Amino acid sequence: MTSGSDGRRAPGGEPAQHRSRELPAAAGIAVLGLLGVAGGLLVAAVALPAVGGAGILTRAAAHDFFEVPVLLREAPLPERSRLLDKDGKQFAQFYVQNRQSVDIGKIAPVMLKAIVAIEDSRFYEHAGLDLKGTLRAIIANTQAGGIRQGGSSLTQQLVKNILLQNARSESERDLARAPSIRRKLQELRYAMGLERKYTKDQILVRYLNIAYFGGGAFGVQAAAHRFFGVPAAKLTPGQAATLAGAVRTPYFTDPTLGEEHKKRLLERRDLVLDRMAQLGTLPASRAAAGKAAPLALNLRPEPGGCSESDHPFFCLYVQKEIATNRAFGQTRAERERRLYRDGLVIRTTLDRTAQRAADKAIAEYVHPKDDDVAAEAMVEPGTGRIRALAASKRYGVNPKDRDDGPRTTYNLPADTAHGGGQGFQAGSTFKVFTLATALAQGWRFDQGFDTPGGFEPSSGYKDCSGHKVNDPGTVIHNAGGEGKGGPYSLATGTWQSVNIFYMMLERDVGLCPVVRTARSLGVVRADGRPLREVPTFTLGANEMDPVTVAAAFAAFGARGRYCRPMAILEISERHGRRTRISPSCADAVEQEVADAVNHILSGVFTRGTMKGQGIGRPAAGKTGTNNGYTSAWFAGYTPDLAAAVSLGDIRGAYKYPLTDVEIGGRSYGSVQGASLPGPIWVQSMEGALRYVPESSFTAPDMGRFGGGTTPGLKPEDQLDPRADPRLDPRLEAGAEEGGRERGLRRHGYHGPGRDPFWITPEDDGRPWAPGSNGIGEDRWAPPYEEDRLPPARRRDDPWDPGRHPTW
């Protein structure tokens with residue numbers, strides 16, 4: 001049975017077996033002569049003598065005479081790879097050729113008819129070489145003085161495209177295009193082989209998937225999206241005729257290149273419609289209506305790479321993760337080939353709600369034109385899934401390739417392995433590792449030192465190799481605004497972020513144990529070099545990136561379980577194979593120790609450096625302000641989400657400290673962790689958690705961690721071994737015990753997706769027990785609706801849009 005005789009109809013016609021016919025031998029000889037004059041096919045045609053008195057036009061004759069081995073190598077076509085967010089929505093793509101192959105069921109039948117009509121109307125009758133069609137094309141093109149009809153069969157064109165795809169060098173591509181008799185003969189032999197290997201429909205679909213249509217679109221699916229914003233299955237007759245007309249000379253009719261090209265494309269569309277009407281594959285009335293309509297292009301950009309993505313920093317992180325991770329291939333070249341050519345569908349951990357919140361918060365406080373840059377990473381505790389990566393500068397190259405400007409090619413929230421820079425010193429955020437180490441060694445909340453006004457680390461410090469790393473002659477002072485000399489306990493020394501207290505604590509518990517705690521929480525330098533194990537380790541002497549810091553803090557939100565940051569959930573390959581990526585986690589800190597850390601760090605919002613700032617739900621965190629104001633940080637978390645914000649000058653942190661600066665249109669005498677990174681963190685976390693139900697930390701074991709002695713510590717600075725409402729971040733910062741009688745305010749909510757408002761004693765006649773969230777489902781109903789609030793505190797009263805409302 002010949003191809004096309006399997007009962008399927010050729011587009012717009014009768015079944016192919018009823019339309020196949022042969023040409024008399026004499027006519028075949030005449031045709032061969034004309035082909036020779038036209039050039040290029042004489043020898044190829046002579047190589048195909050008449051068989052049984054007929055020219056080689058039928059598949060049966062070709063099969064009997066031309067025993068062609070199927071030698072043509074068909075490498076997989078380059079396909080675009082797509083990045084999807086956690087909900088399956090695309091936000092980036094990579095490709096060397098913008099292509100998405102589809103099967104015949106996803107191509108509009110009128111598209112099949114259009115391409116056959118203009119390129120090879122006898123496609124379903126010949127065996128790969130249509131002598132009659134070739135002769136007709138030669139005559140038509142000669143009369144028109146240009147290309148009006150194709151000469152090569154669709155099978156021959158498919159062969160040519162395959163050879164071009166297989167070419168590994170420009171010289172091989174030139175050979176595939178060379179107008180030589182040898183190439184045409186080999187092309188024909190390959191065409192005969194394809195005719196034997198595939199059905200006609202399979203050949204046609206292969207051609208439509210491999211062909212270039214212009215505008216950077218390879219294959220009919222990409223072309224339909226590029227030209228009209230629709231899938232190939234939804235193409236109308238006019239749209240199908242446009243694409244069929246473009247495929248012969250795609251550069252000549254590329255509509256993205258200007259009006260002249262659009263005019264040529266319109267002419268080609270009309271030619272295809274005329275040809276379809278002539279062949280009867282489209283009613284003449286519909287063809288006429290199509291010609292009367294405008295071209296009606298809806299050109300859709302098909303950007304590739306991260307610079308064109310809506311979320312470029314997250315995109316870049318994924319791109320670098322694939323390029324550097326051996327899990328995706330043995331060599332970098334193999335991994336990059338997979339990304340750019342293998343048509344992968346990569347579902348990532350990106351949460352657009354969190355990403356929008358981070359982008360918005362940073363944009364409000366830091367502008368792209370500022371030399372000082374802010375960056376933020378959001379990581380999910382218990383999984384390590386990165387939910388957002390944001391930066392104050394746009395991703396890309398500045399005009400004239402300047403180093404300064406509103407754009408950057410660095411992935412500012414990430415380390416160098418993921419496209420980032422050297423990072424910024426993490427400052428006092430590193431005190432959390434010393435805090436955790438001390439608690440693990442038996443320290444209690446009210447245990448501490450009477451600290452001096454200055455401290456010299458002249459003895460007592462050894463690195464993990466056992467070498468003394470003391471630094472005599474260097475005097476450590478407390479950072480401005482972060483504590484003075486005097487008695488400090490583990491709790492108060494943390495809340496006030498007292499440098500000298502933490503230098504003494506690190507010496508007491510041991511530098512190496514602190515370093516080991518940090519390492520167990522995934523802490524590595526942003527530049528990939530070994531951690532600097534120096535006395536000022538606890539003060540954040542190492543340059544870090546927000547992803548690493550956020551992931552480390554997330555472990556405390558997960559009760560001590562550290563998870564390696566991950567950005568990829570699943571990879572689907574073109575043939576359906578799926579690989580799911582599981583979190584890589586380990587217990588880094590004892591659960592009870594993590595609970596104790598959370599308890600102390602919650603007080604940073606109510607009694608510490610972030611006093612007056614909060615997100616309306618249980619949260620813990622730590623500011624980071626470096627000596628000399630070279631950088632500023634805030635890292636914090638809830639049980640559901642952790643985030644770290646860094647700030648520093650992109651030109652060099654030491655050369656350009658954060659003093660007497662203008663950032664985001666605001667002037668700062670000096671920038672501390674609480675004055676800029678803190679507010680960014682607050683606003684971004686409020687937005688990111690807007691639709692997430694509230695979770696609480698596990699209460700600490702007060703029998704193990706409560707109490708302790710610090711010489712000179714005032715009674716009011718001690719932690720009551722009972723639950724202390726002053727440490728509940730849902731309470732207004734600075735409120736004392738008995739605050740309910742003084743008008744203590746706490747957050748309430750209208751319901752999911754609504755902004756917080758405040759519940760005050762006069763709004764709520766029911767008792768409130770410490771430890772309850774005060775935001776139960778019943779609180780979303782009257783009398784707690786907005787319209788029932790006292791008029792003096794309605795939400796339309798003025799308030800600072802950069803913060804949550806404080807009625």
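Begin by selecting Asp527 and Arg529, whose side chains are joined by a polar contact of 2.8 Å. Keep in mind throughout the tour that what is on the screen is a predicted model.

With Asp527 still selected, add Arg525 to the view, since the side chain of Asp527 also makes a polar contact with the side chain of Arg525, at 2.9 Å. To see where this group sits, show the backbone as a cartoon and find helix 20 (511–520) and strand 13 (543–544), because Asp527 belongs to the loop between these two elements. Is Asp527 buried or exposed? Its relative accessible area is 15%, and as buried means under 20%, Asp527 counts as buried. Leaving aside residues up to four places away in sequence, Asp527 touches Thr416 and Gln422, which can be selected next.

Move on to the aromatic rings, of which a search of the whole structure finds 18 pairs. Select Phe313 and Tyr395, whose ring centres are 5.9 Å apart and whose planes stand at 75°, so this pair is edge-to-face. Colour helix 14 (residues 312–324), which holds Phe313, and strand 8 (residues 394–395), which holds Tyr395, and it becomes clear that the pair ties together parts that are 82 residues apart in sequence. Phe313 is buried, with a relative accessible area of 5%, and Tyr395, at 16% relative accessibility, counts as buried as well.

From there, select Trp443, Phe449, Phe501 and Tyr502, which ring pairs link into a cluster.

Two further stops show an arginine placed over a ring. At the first, select Tyr198 and Arg206, where Arg206 lies over the face of Tyr198 at 3.9 Å from the ring centre. At the second, select Tyr656 and Arg651, where Arg651 lies over the face of Tyr656, and here the distance from the ring centre is 3.7 Å.

Finish at helix 4 (residues 109–119). How many of the 11 residues of helix 4 are buried? The number is 9, so helix 4 is largely enclosed by the rest of the structure. To look at the buried residues themselves, select Val110, Met111, Leu112, Ala114, Ile115, Val116, Ala117, Ile118 and Glu119. Then bring back the surroundings one element at a time, for what covers these buried residues includes helix 6 (154–166), helix 9 (200–210) and strand 3 (212–214), together with helix 10 (220–228), helix 11 (237–246) and helix 12 (259–279).

Definitions and conventions: Residues are numbered from 1 along each chain as its sequence is written. This is a predicted model: local features need pLDDT of at least 70, side-chain atom pairs count only at pLDDT 80 or more; totals for chains, interfaces and linings use all residues. Side-chain values use heavy atoms; hydrogens and water are left out. Helices (H or I, at least four residues) and strands (E, at least two) are DSSP runs, numbered from the N terminus. Buried means under 20% relative accessible area, exposed over 50%, partly exposed in between (1.4 Å probe, protein chains only). A polar contact is a pair of N or O atoms within 3.5 Å; within protein, one must be able to donate a hydrogen and the other to accept it, and residues adjacent in sequence count only if both atoms are side-chain atoms. Contact means heavy atoms within 4.5 Å. Rings of Phe, Tyr and Trp (its six-membered ring) pair if their centres lie within 6.5 Å; planes under 30 degrees apart count as stacked, over 60 as edge-to-face and the rest as tilted. A charge sits over a ring if NZ of Lys or CZ of Arg is within 6 Å of the ring centre and within 35 degrees of the ring normal.
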